[in-house]
Every structure is written in C-alpha cells, then in structure tokens.
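Work through the following exercises with the sequence and the model side by side. Each task is followed by a solution that proceeds step by step.

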Amino acid sequence: MNIRPAVAADLDDLVRLSKAHDKGAQSRAARVLGNEDFGVFVAEEAGVLVGIALVQFYGVRIRGEFGSARLHDIFVEEAHRNRGIATALLAAVHDWVIARPECKWLEWQASPSAIPFYEKMGLRANEHNDSEEYPFFEITVR
C-alpha cells in the first residue's frame, strides 16, 4: 500500500472514489487539486487507487491567530477495508495539518458507518453535537 498526495493523473479515480456522479464533479476535483488550501491523498495498491482523503485548511480567523482544518472525505473501497488504509490516510491528513503552523484544530462530522473506526482509534465525538447521527469530532494539533 502506498499513501501519497493526489496528482492530476488521478482525477478520474478521485471522482470515482468520491462517488460524485454529476457533470461538475471532474471540474470540482480539478479545482481542489490545484488549490493549496486543500490536501488530497490517495491510497494505492498494485497501481490501483482504492482510497481517498480530502482536507481543507480554512485559514486564520480575524479574532485569532489560529484556524482550523476540516476533513471533508475519507473513503476506502469496501474490498480493501480493515487493512489499515483509512488509518494511513488519516495519518497523512494529520501530517498535512501539522505542517500548517497556523492550524490548531482538525475537525469533521462522521458518517454513522465511520463512527466505530474513529472510536477504535481512541477518538471520541464531541459531547455537544448538533447531530447525534453525524457526530462532530475534533483533534487539537497545537
């Protein structure tokens, strides 16, 4: 397994793995790849992309010197799950966030099926969630 930043040649696979089926998906994926505020990572096995992760740094707020990053997507094809790929993708996201000195938090809302994955890693949802079904997670990185 190889975890690496996505490149333009991965565009079709990014759209496929993101399960985006509308006409604008290719264009949006290309814009994300070309934007330094986004980190896009892929998991590759035997030359085939089997997982993706997408994170975005929102920048510094006016009222503070730190900002936050949001994990938008982390997905591994079902046939490749339970082999550490999602954990490796999340580690790549974490490293990307840490490399941004102005970023203090990594946050996301988990899908119901992903909650056990995060809990297995020792992460707990925020006690004050606006959605019980899609709980909010947060990691302080600084």
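**Exercise 1. Determine where His 80 is placed, whether His 80 is buried or exposed, and which residues His 80 touches.**

Step 1. His 80 is placed in the loop between β4 (67-76) and α3 (85-98), where helices (H or I, at least four residues) and strands (E, at least two) are DSSP runs, numbered from the N terminus. The model is a predicted one, in which local features need pLDDT of at least 70 and side-chain atom pairs count only at pLDDT 80 or more, while totals for chains, interfaces and linings use all residues. Residues are numbered from 1 along each chain as its sequence is written, and side-chain values use heavy atoms, with hydrogens and water left out.

Step 2. His 80 counts as buried because its relative accessibility is 18%, given that buried means under 20% relative accessible area, exposed over 50%, and partly exposed in between (1.4 Å probe, protein chains only).

Step 3. Leaving aside residues up to four places away in sequence, His 80 touches Glu 45, Val 50 and Ile 85, contact meaning heavy atoms within 4.5 Å.

Step 4. The side chain of His 80 also makes a polar contact with the side chain of Arg 83, at 2.7 Å. A polar contact is a pair of N or O atoms within 3.5 Å; within protein, one must be able to donate a hydrogen and the other to accept it, and residues adjacent in sequence count only if both atoms are side-chain atoms.

**Exercise 2. Establish the strand order of the six-stranded sheet, and describe how its strands pair.**

Step 1. The six strands form an open sheet in the order β1-β2-β3-β4-β5-β6, with mixed pairing; two strands pair if DSSP finds at least two bridges between them.

Step 2. β1 (2-5) and β6 (136-140) stand at the edges with a single partner strand each, so one side of each is left without a neighbour in the sheet. On average, neighbouring strands of this sheet are turned by 25 degrees against each other, direction ignored.

Step 3. β2 and β3 pair in the antiparallel sense over eight bridges, and Val 42 stands opposite Ile 52 in β3. The hairpin of β2 and β3 has two residues between the strands.

Step 4. β3 and β4 also run antiparallel and are joined by eight bridges, with Gln 56 opposite Arg 70 in β4; the hairpin that they form has six residues between them.

Step 5. β4 and β5 (residues 103-109), by contrast, run parallel and are joined by four bridges, with Ala 69 opposite Leu 106 in β5.

**Exercise 3. Identify which residues of α1 are buried, and state what covers them.**

Step 1. In α1 (residues 11-18), the buried residues include Leu 11, Leu 14, Val 15 and Leu 17.

Step 2. Among the elements that cover the buried residues of α1 are α2 (25-33), β2 (38-45), β3 (48-60) and β4. Of these, β3 is itself mostly covered, since ten of its 13 residues are buried.

**Exercise 4. For Ala 46 and Asn 82, give the sign of phi and decide whether each is buried or exposed.**

Step 1. Ala 46, in the loop between β2 and β3, has a positive phi of about 50 degrees although it is not a glycine. Ala 46 counts as exposed because its relative accessibility is 86%.

Step 2. Asn 82, found in the loop between β4 and α3, has a phi near 65 degrees, a positive value in a residue other than glycine. With a relative accessible area of 79%, Asn 82 is exposed.

**Exercise 5. Describe the largest pocket by its volume and by the elements that line the pocket.**

Step 1. The largest pocket has a volume of about 700 Å³. On a 1 Å grid over the protein atoms alone, a cavity is a set of points where a 1.4 Å probe fits but cannot get out, and a pocket is an open set with protein on both sides within 12 Å along at least five of seven lines; lining residues have an atom within 4 Å of a point. Grid points are joined across faces, edges and corners, and a volume is the space filled by probe spheres set on the points.

Step 2. Of the 26 residues that line the largest pocket, Ile 74, Ala 86, Ser 113, Ala 114 and Phe 117 are the closest to its centre.

Step 3. Two or more residues of the lining come from each of β4, α3, β5 and α4 (115-120), and β4 gives the most, with six residues.

Note on methods:
Axes are lines fitted to C-alpha atoms, for helices over the stretch in contact, and angles run from 0 to 180 degrees between N-to-C directions.
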